[in-house]
Amino acid sequence: MFQPDSVIPDFPILQQTIGGRPLVYLDNAATTQKPMAVLLASRHYYEAMNANIHRGTHHLARLATETFEKARQTVANHLNAASSDEVIFTSGTTDGINLVANILGLSGRIKPGDEVLISTLEHHSNIVPWQMLCERSGAILKVIPCHDDGTLDQAAFLSLLNERTKILSLTWISNSLGTVNPVAEMAAAAKNAGALVMLDAAQAVAHVRIDVQSLDIDFLAFSGHKIYAPTGTGVLWGRAEILNALPPWRGGGEMIKEVTFKKTTYNELPFKYEAGTPNIEGAIALGAAIDFVNGIGLSQIQKHEQALIRSAADALASIPGIRFFGPADRAGALSFNVAGIHHYDLGTLMDQMGVAVRTGHHCCQPLMARFGMTGTVRASFALYNTQKDVDALAEATRKAVSMLS
Ligand SMILES: *Cc1c(COP(=O)(O)O)cnc(C)c1O
């Protein structure tokens, strides 16, 4: 069994105290902390090989290019992509979703009256790019409703699918409620209706195994910073057949084959979608983060986090007036409110006790509106959290509630 105590020393930021108490970091759905392996990969890049890639003939440029492309291969292996050509480096999930929404728009495939399908559980970054696409193209945004337990209404989903559905873009795991959507079944149903399928894997990437070939999907996006890698990194995976058929989006260096003032021809995948100098160090550090996670094993991590999240729900359940959101079978995040107490007040007092949780709408305002609230307190877990963190969470919540009631 994986022992989190053995990896905590790898995370320098976790060694500090806040107001004399050890830091309890439970805001991992917002961003994760970085292990030494990732910090050293970033530093090593700048100390030993900083150069622009894919162009230079000199030693450093070759070394930087090889290391960058090795990181791409690491990502491809991790996702079980058919080829590393299908791995586009982006600045994050938001960037990846905007890329897909924009190239679909530019392709002319989205016509007035067509439908784009998302769900109530989506993060703003899987809502707004599609709204913008709909505004420009005359398509209609449709939303899969959810039940009171925070799971999606599957019957309503099936009835929303029709021949006008051009794309289903769905979060795999809700960053607000921890709901794990049955993405394999839903993707298959959407494909069957003739739609493209995109998954927002921003939360999934750190918690579950992703195998893009076993899923009936076309695109998948995630952010590096949610899987122990630096901010400003991310990946869009897309099926080569689809990406080859779609137009480029951003124009500039790297994405071209030949430029004249009359006409430009475009580069092959993946470079077609990587205009300009990428975050080279970040991509390399993302490769190191994936190696770090695989060194422990996602199934070990998953087991460990599931045990913590259940333990946290049990420990908090006896607090008078507490209400949990999301199904009992959740991943990553545990969201709750306490009757008569504002989530912000609760979170502020918990922070003073060294417990970092998130309060507010978690970039999911429509989901909060669905439950008739402005926000929740959210504790979210990573591989370095321990039972001690759960105990601290329960104690801080209890104390804060008694101070506020
Ligand atoms: C964090 C998150 C995003 C946005 O990621 P960025 O890194 O801000 O681009 C999108 N969807 C989900 C489910 C998230 O958790």
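Here are four short exercises, each with a worked solution, on a predicted model.

**Exercise 1. The two sides of helix 4**

Task: Find which residues of helix 4 (residues 128–137) are buried, and work out why they line one face of the helix.

Solution:
- Start with the buried set: Pro129, Trp130, Leu133, Cys134 and Ser137.
- Next, recall the geometry. An α-helix has 3.6 residues a turn, so residues three or four places apart point the same way.
- Now look down the axis of helix 4. Its buried residues fall within an arc of 140 degrees, so they line one face of the helix.
- Turn to the face pointing away from the buried side, and you will find the exposed residues Glu135 and Arg136 there.
- Then ask what covers the buried residues. The cover includes helix 3 (93–107), strand 5 (115–119), strand 6 (140–144), strand 7 (165–171) and strand 8 (196–200).
- Finally, step just past the end of helix 4, where Gly138 takes a positive phi of about 80 degrees.

**Exercise 2. The surroundings of the ligand**

Task: List the residues that surround the ligand, sort them by character, and pick out polar side-chain atoms that lie by ligand atoms.

Solution:
- Begin with the shell: Thr93, Thr94, His123, Ser125, Thr171, Asn175, Asp200, Ala202, Gln203, Ser223, His225 and Lys226 surround the ligand.
- Sorting this shell gives 1 nonpolar, 9 polar and 2 charged residues.
- For oxygen atoms of the ligand, there are two pairs to look at. Thr94 places a polar side-chain atom 2.5 Å from one ligand oxygen, and an N or O atom in the side chain of Ser223 is 2.7 Å from a ligand oxygen.
- For nitrogen, look at Asp200, which has a polar side-chain atom 2.6 Å from a nitrogen atom of the ligand.
- To finish, consider the cover: on its own the ligand has 390 Å² of accessible area, and the protein covers 87% of this.

**Exercise 3. Less common backbone geometry**

Task: Locate the cis peptide bond that ends at Pro270, and place His54 and Asn80 in the fold.

Solution:
- Set the background: most residues other than glycine have a negative phi, and most peptide bonds are trans.
- The bond from Leu269 to Pro270 is cis, with omega near 0 degrees. Pro270 sits in the loop between strand 12 (264–266) and helix 9 (280–296).
- His54 is not a glycine, yet its phi is positive, about 65 degrees. You can find His54 in the loop between helix 1 (36–48) and helix 2 (59–79), and with 28% relative accessibility it counts as partly exposed.
- Asn80 also has a positive phi, near 55 degrees. Asn80 belongs to the loop between helix 2 and strand 4 (87–90), and it is partly exposed at a relative accessible area of 32%.

**Exercise 4. An asparagine in a loop**

Task: Decide whether Asn181 is buried or exposed, and describe its contacts.

Solution:
- Place the residue first: Asn181 is in the loop between strand 7 and helix 6 (183–192).
- Buried means under 20% relative accessible area. Asn181 has 3% relative accessibility, so it counts as buried.
- Set aside neighbours within four places in sequence, and the contacts of Asn181 are Leu121, Leu152, Leu170, Thr171 and Trp172.
- Look more closely at Thr171: its backbone oxygen lies 2.7 Å from a polar atom of the Asn181 side chain.
- As a last step, take the C-alpha to C-alpha distance to Gly150. Asn181 and Gly150 are 9.9 Å apart in space and 31 residues apart in sequence.

Terms used
Residues numbered from 1 in each chain as written. Predicted model: local features only at pLDDT ≥ 70, side-chain atom pairs only at ≥ 80, totals over all residues. Heavy atoms only, no water. Buried < 20%, exposed > 50% of the residue type's maximum accessible area, 1.4 Å probe, protein only. Helix = DSSP H or I, 4+ residues; strand = E, 2+ residues; numbered from the N terminus. Arc of directions from axis to C-beta. Contact = heavy atoms within 4.5 Å. Near = heavy atom within 4 Å. Polar contact = N/O pair within 3.5 Å; in protein donor to acceptor, adjacent residues only side chain to side chain. Areas by Shrake-Rupley, 256 points an atom, 1.4 Å probe, with all protein chains shown as cover. Nonpolar A, V, L, I, M, F, W, Y, C, P; charged D, E, K, R; others polar.
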